[in-house]
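User: Please take a close look at the aromatic rings in this model. What sits over them, how do they pair, and where do they lie?

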Amino acid sequence: MSITPTRLFPGCVLSWPRDRPLIPWLHYESIEMAFPDQDSLNDFYVSGEDLVDYITLVAFRLPPVSDLKRFSSLLENALPIAKDYNVSFLIIDPWQIAFDTIRERLLEIADLLLEEKICLCWNIRNDDISVSLIELVKEVPEAYLLSIDLPYLKRTEDTLLHLIMDLGELVRVLHMSNSYLGHKGLPIFDSRGSLDYGSIIRLLKALDAYCFLLLDYADEYKHLYREDLLKVKEYILSPVV
């Protein structure tokens with residue numbers, strides 16, 4: 001019996017400024033900081049410096065945008081902040097557009113991301129996955145990758161596992177919570193939940209996936225972050241017979 005080396009990294013999602021009081025409590029954990037709007041991102045730049053000694057910032061989740069112009073403006077603002085805080089990933093929800101129609105501009109932005117050594121993850125929250133987006137990510141995977149909000153995909157557990165296998169190394173972040181009768185943001189080990197995260201983590205280990213597993217709970221369950229992160233780490237480090 002031996003411990004299998006792993007490239008899976010657990011952590012959790014906090015929202016700024018609402019979850020500011022939780023930061024010292026999550027000592028040394030990996031954090032994705034979510035910003036509901038650009039003002040909150042700017043506020044974090046000014047106010048967050050004393051708090052990041054408590055945690056490891058791995059990602060910024062950027063506020064949603066509706067077009068390429070707003071996307072470019074948001075990135076122009078976010079990139080220097082992410083660089084100053086040594087953040088490796090920016091995460092954003094793709095807006096409704098055929099990505100092949102703006103491909104050239106996105107390739108120009110990819111050059112900027114590569115220069116800053118920051119990767120942008122397009123966040124998948126539904127089953128309508130853009131083929132042109134996947135092609136873009138495959139073309140410049142050092143600049144663009146994917147994240148997935150697992151409970152938002154209307155798939156059975158088997159088809160969800162197949163999706164993870166199909167996308168493979170294109171996925172860098174999995175946002176993990178559970179759902180029950182339409183209620184999302186439940187803890188991943190909630191007995192009512194529709195997803196078996198033990199099976200998902202075992203599959204990721206078998207695939208030797210390089211991925212951040214980030215708990216993303218509704219506000220009323222965030223007090224369970226530390227307890228559930230310990231359980232996730234146990235799954236990740238469980239011995240292979």
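Analyst: A charge sits over a ring if NZ of Lys or CZ of Arg is within 6 Å of the ring centre and within 35 degrees of the ring normal. The model is predicted, with local features needing pLDDT of at least 70 and side-chain atom pairs 80 or more, while totals for chains, interfaces and linings use all residues. Residues are numbered from 1 along each chain as its sequence is written, and side-chain values use heavy atoms, leaving out hydrogens and water.

Tyr152 has two such charges. Arg125 lies over the face of Tyr152, 4.0 Å from the ring centre. Lys184 also places its charged end over the ring of Tyr152, at 5.4 Å from the centre.

Next, the ring pairs. Across the whole structure there are 16 aromatic pairs (Phe, Tyr or six-membered Trp rings with centres within 6.5 Å; planes under 30 degrees apart are stacked, over 60 edge-to-face, the rest tilted). Phe35 and Phe60 form an edge-to-face pair, because their planes stand at 90°, with the ring centres 5.1 Å apart. Phe35 belongs to the loop between β3 (30–34) and α1 (38–47) and Phe60 to strand β4 (residues 56–61), so this pair ties together parts 25 residues apart in sequence (helices and strands are DSSP runs of H or I, at least four residues, and E, at least two). Both Phe35 and Phe60 are buried (under 20% relative accessible area, 1.4 Å probe, protein chains only). The pair of Phe89 and Phe212 is likewise edge-to-face, since the planes are at 65°, and its ring centres are 5.6 Å apart. Phe89 comes from strand β5 (residues 89–92) and Phe212 from strand β11 (residues 210–215), so that pair links parts of the chain 123 residues apart. Phe89 has 8% relative accessibility and therefore counts as buried; Phe212 counts as buried at 10%.

Phe35 and Phe60 also belong to one aromatic cluster, together with Trp16, Phe44, Tyr45 and Tyr85.

Finally, the core. The largest nonpolar core (buried Ala, Val, Leu, Ile, Met, Phe, Trp, Tyr and Cys joined through side-chain atoms within 4.5 Å) holds 90 residues, and Phe60, Trp122, Tyr144 and Met33 have the most contacts inside it. Helix α2 (residues 68–84) supplies the largest share of this core, 7 residues. Beyond its neighbours within four places in sequence, Tyr144 is in contact (heavy atoms within 4.5 Å) with residues including Leu106, Ile109, Leu113, Cys119 and Trp122.

How values were computed. Buried < 20%, exposed > 50% of the residue type's maximum accessible area, 1.4 Å probe, protein only.
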